[in-house]
Amino acid sequence: MSRAPEFLPLSDAAVRAVAGANSRHAALIEDAFGVLVETPGGGVSLNGDTRARNQAKKAVQAIAERADQGLEIGEADVRVAIGNARSGHSGAGFLPVGRRGQVAPKTATQAEYLQALAANDLVLGLGPAGTGKTFLAVAHGAGLLLRGEVDRLIVSRPAVEAGERLGFLPGDLTEKVDPYMAPVWEALTDILGAEQLRRRREKGEIEVAPIAFLRGRTLAHAFVIVDEAQNASRAQMKMVLTRIGEGSRMAVTGDPTQIDLPNPSDSGLAHAVGLLEGLKSIGVIRFTAEDVVRHPLVERIVRAYDADAAKRGRTV
């Protein structure tokens with residue numbers, strides 16, 4: 001294969017975005033594709049084998065396009081461009097466009113999370129509230145559904161208590177479960193719109209069920225989201241993880257510091273991470289207070305609780 005360098009003429013703004021502060025962005029591209037990135041002036045030079053250079057070129061062009069639109073380019077944007085170049089997705093097709101515009105990661109960990117969702121059959125996303133774990137999993141699943149890559153989007157979570165005493169609540173299954181799924185419905189409404197969400201629910205393409213109702217089923221050709229998984233028991237977690245069928249993928253999200261079980265040591269989330277991390281086709285992504293994208297006060301609250309836990313000698 002040819003290893004002759006390829007020069008890409010770019011604007012000054014694009015060159016600065018590709019290089020990044022202290023050449024950090026260029027280093028990410030070099031590490032991802034095994035190429036040499038240089039900025040001799042007037043553009044970017046890529047040196048490497050043909051396949052690696054072509055993939056790096058796609059990432060560079062995506063970064064340059066955003067920079068030329070006047071958008072600020074951060075490390076998260078670079079990681080998304082790299083992930084899209086590797087997977088063959090364009091930026092527009094990778095995630096759907098919500099009511100507030102293109103869904104995109106806002107932190108480096110969010111970008112890493114999306115890459116893990118694209119590359120693995122099972123991803124466990126751990127971290128505090130406000131880090132986008134559930135929203136991005138829903139956006140990814142909605143994108144798969146819209147592109148026809150899965151037939152169904154299934155969302156589940158422990159309801160009320162780990163014992164899921166739904167029989168004591170009035171109404172049918174949907175009426176019993178919906179109040180506990182509010183964050184998911186908000187995300188789906190933002191991404192799909194109320195009317196499309198209603199139609200797809202009626203056709204069975206989008207389904208919501210408490211974890212207990214998944215027992216005995218095989219979930220084929222579906223994207224499954226298990227939310228608030230820290231409140232699933234070990235037995236429930238094993239059951240739901242083994243529901244994955246042909247052509248299906250799963251995202252499990254939760255905050256290990258917010259366990260509501262009577263016996264926190266029975267939480268299936270931390271147990272599953274300990275058993276499964278490092279296995280093929282399984283990704284584990286850990287969010288921190290730095291990834292909180294809600295009100296700035298939320299990040300400060302999370303940090304205060306983390307500091308208190310550290311003082312008490314707890315590991316989270």
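The following paragraphs describe the packing of helices and nonpolar cores in a predicted model.

The account begins at the N-terminal end with helix α1, which spans residues 12-19. Within this helix, A14, V15, A17, V18 and A19 are buried. The elements that cover these buried residues include α2 (24-33), β3 (43-47) and α3 (50-68). Immediately after α1 comes G20, which has a positive phi near 75°.

The packing of α1 against α3 can be described in more detail. Their axes lie 8 Å apart and make an angle of about 125°. An angle over 145° would count as roughly antiparallel and one of 65 to 115° as roughly perpendicular; α1 and α3 are therefore oblique to each other. The crossing of these two helices is right-handed. On the α1 side the contact is made by A13, A14, A17 and V18, and on the α3 side by V60, I63, A64, A67 and D68.

Helix α3 also contains A56. Because its relative accessibility is 0%, A56 counts as buried. Apart from neighbours within four places in sequence, A56 is in contact with I29, F33, V35 and L46. A further spatial relationship links A56 to A85: the two residues are 29 positions apart along the chain, and their C-alpha atoms are separated by 7.2 Å.

The description now turns to the nonpolar cores. In soluble globular proteins, nonpolar side chains tend to be buried together. In this model the largest nonpolar core comprises 31 residues, and Y113, L153, L188, I206 and F223 are those with the most contacts inside it. At least two residues of this core are supplied by each of α6 (108-119), α7 (133-146), β7 (152-157), α9 (182-192), β8 (206-210) and β9 (222-226). Helix α7 provides the largest share, with 7 residues. A second core, separate from this one, has 26 residues, among them A17, A26, A67 and A81. Two of these residues have already appeared in the account: A17 in α1 and A67 in α3 both take part in the contact between those helices.

Within the largest core, F223 is one of the residues with the most contacts. Residues up to four places away in sequence being left out, F223 touches L117, A137, H140, G141, L144, V150, R152, L153, I154, R249, M250 and A251.

Two of the helices that contribute to the largest core, α7 and α9, also pack against each other. Their axes come within 9 Å and cross at roughly 45°. Angles under 35° count as roughly parallel, whereas the roughly perpendicular range is 65 to 115°; α7 and α9 are therefore oblique to each other. Their crossing is right-handed. In α7 the residues that take part are T134, F135, V138, A139, A142 and L146, which meet V184, A187, L188, D190, I191 and L192 in α9. L188, named here on the α9 side, is also among the residues with the most contacts inside the largest core.

The last site considered is R243, in the loop between α11 (234-241) and β10 (249-254). Is this arginine, R243, buried or exposed? The cut-off for buried is under 20% relative accessible area; R243 is buried because its relative accessible area is 15%. A polar atom of the R243 side chain lies 3.0 Å from the backbone oxygen of R217. With residues up to four places away in sequence not counted, R243 touches L214, G216, R217, T218 and L219.

Note on methods
Residues are numbered from 1 along each chain as its sequence is written. This is a predicted model: local features need pLDDT of at least 70, side-chain atom pairs count only at pLDDT 80 or more; totals for chains, interfaces and linings use all residues. Side-chain values use heavy atoms; hydrogens and water are left out. A nonpolar core is a set of buried Ala, Val, Leu, Ile, Met, Phe, Trp, Tyr and Cys residues joined through side-chain atoms within 4.5 Å. Buried means under 20% relative accessible area, exposed over 50%, partly exposed in between (1.4 Å probe, protein chains only). Helices (H or I, at least four residues) and strands (E, at least two) are DSSP runs, numbered from the N terminus. Contact means heavy atoms within 4.5 Å. A polar contact is a pair of N or O atoms within 3.5 Å; within protein, one must be able to donate a hydrogen and the other to accept it, and residues adjacent in sequence count only if both atoms are side-chain atoms. Axes are lines fitted to C-alpha atoms, for helices over the stretch in contact, and angles run from 0 to 180 degrees between N-to-C directions. A crossing is left-handed if the near helix is turned anticlockwise from the far one by less than a right angle, and right-handed if clockwise.
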